[in-house]
Amino acid sequence: MQYTQRVTENEITLEPAMPASAAVILLHGLGADGWDFVPIVGEIGLPESLPVRFVFPHAPLRPVTVNNGYVMRAWFDIRSFTPEGRADAAGLDESSRRTSDYLQREIEQGVPPSRIVLAGFSQGGAVALNAGLRFPARLAGILALSTYLPFPARLSGEKSQASDGLPILMCHGRADPVVPMAMGAEARDVLRGQGYPVEWHEYPMQHEVCTAEFAEIGRWLQQRFPDEESVVGHDGTIATRR
């Protein structure tokens with residue numbers, strides 16, 4: 001698929017040559033920016049017949065406590081590497097609202113929420129989980145890479161009814177020194193306990209992405225974006241109309 005690249009101060013958008021019938025919004029990790037994951041589009045092997053718009057927002061600049069107050073792109077502050085300090089509620093809520101605005105913009109451009117995947121890596125994945133599970137319309141799914149679930153105790157009282165049974169793909173490195181795999185596994189277990197069908201993959205890597213992971217992401221995205229002759233069941237499975 002050929003893409004036209006649009007760049008603004010807030011995001012990078014890859015617009016497919018054909019009118020977009022689906023969209024992926026991918027949030028980068030701490031200290032990176034939207035450019036960090038633009039190359040993933042060429043690695044995941046989506047078919048030419050599937051016109052997906054990819055949006056890569058930039059997080060705002062803010063001081064980050066664990067980095068000695070250094071100002072960098074961050075979706076929220078991290079006060080300490082503990083369960084209590086790994087997310088600040090105000091910053092998380094602000095970035096979740098910003099992410100919801102991106103979702104709403106796709107809907108206004110004609111992409112139904114059922115064909116929008118919200119994705120994120122590390123800190124961006126935490127925002128994707130937080131925002132996607134609270135969004136009032138049902139999305140196609142959430143892609144959560146090398147990440148964790150902020151404030152897990154809040155989920156049961158704040159998740160939207162529309163998100164019930166929403167498919168989630170989680171990938172994590174077994175040797176991740178930044179977000180230990182135990183944090184990802186905790187998120188997986190909490191989400192499954194809330195009834196979400198989490199597909200989990202782990203890899204012999206650190207805080208990064210790998211080729212095998214790209215293949216899984218591409219396969220999973222194609223399942224989320226079936227053609228017009230297919231329908232997606234509530235459990236995430238695909239059936240073909242006859």
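Which strands does helix 4 lie across, and at about what angle does it run to strand 10? Helix 4 lies across strand 9 and strand 10, and runs at about 165° to strand 10. The model is predicted. Its protein chain holds five helices and twelve strands. The radius of gyration is 17 Å, close to the 18 Å that the globule rule gives for 242 residues, so the chain is as compact as a globular protein of that length.

**Overall build**

- The C-alpha trace spans about 55 × 40 × 35 Å along its principal axes.
- Of the 242 residues in the protein chain, 52% are buried.
- The protein chain exposes about 10600 Å². Carbon and sulfur atoms supply 52% of that area.
- Take the contacts between residues at least 6 apart in sequence: 67% of them join residues at least 24 apart.

**The sheet**

- Eight strands form an open sheet with mixed pairing. Their order is 1-2-4-3-7-8-9-10.
- Strand 1 (3-7) and strand 10 are the edge strands, and each pairs on one side only.
- On average, neighbouring strands of this sheet are turned by 15° against each other, direction ignored.
- Strand 3 and strand 7 run parallel and are joined by five bridges. Ala23 stands opposite Ile116 in strand 7.

**A helix on the sheet**

- Helix 5 (residues 211-224) packs on the sheet. It touches strand 3, strand 7, strand 8, strand 9 and strand 10.
- The direction of helix 5 makes about 165° with that of strand 10.

**Nonpolar cores**

- The largest nonpolar core has 42 residues. Those with the most contacts inside it are Ile25, Phe76, Leu133, Ile168, Met170, Leu191 and Tyr196.
- Both helices and strands feed this core. Helix 1 (89-108), helix 2 (123-132) and helix 4 (181-193) each supply at least two of its residues. So do several strands, among them strand 3 (22-27), strand 7 (116-121) and strand 9 (168-173).
- Helix 2 gives the most to this core, with five residues.
- A second, separate core has 30 residues. It includes Phe37, Ala119, Cys171 and Phe214.

**Around Tyr196**

- Leave aside its neighbours within four places in sequence, and Tyr196 is in contact with Leu133, Leu155, Lys159, Ser163, Asp164, Gly165, Leu166, Ile168 and Leu191.
- Among these partners, Leu133, Ile168 and Leu191 are also listed with Tyr196 for the most contacts inside the largest core.

Key: Residues are numbered from 1 along each chain as its sequence is written. This is a predicted model: local features need pLDDT of at least 70, side-chain atom pairs count only at pLDDT 80 or more; totals for chains, interfaces and linings use all residues. Side-chain values use heavy atoms; hydrogens and water are left out. A nonpolar core is a set of buried Ala, Val, Leu, Ile, Met, Phe, Trp, Tyr and Cys residues joined through side-chain atoms within 4.5 Å. Buried means under 20% relative accessible area, exposed over 50%, partly exposed in between (1.4 Å probe, protein chains only). Helices (H or I, at least four residues) and strands (E, at least two) are DSSP runs, numbered from the N terminus. Contact means heavy atoms within 4.5 Å. Two strands pair if DSSP finds at least two bridges between them. Axes are lines fitted to C-alpha atoms, for helices over the stretch in contact, and angles run from 0 to 180 degrees between N-to-C directions. The radius of gyration is taken over C-alpha atoms; the globule rule is 2.2 Å times the number of residues to the power 0.38. Accessible areas come from the Shrake-Rupley method with a 1.4 Å probe; for residues, only the protein chains shown count as cover.
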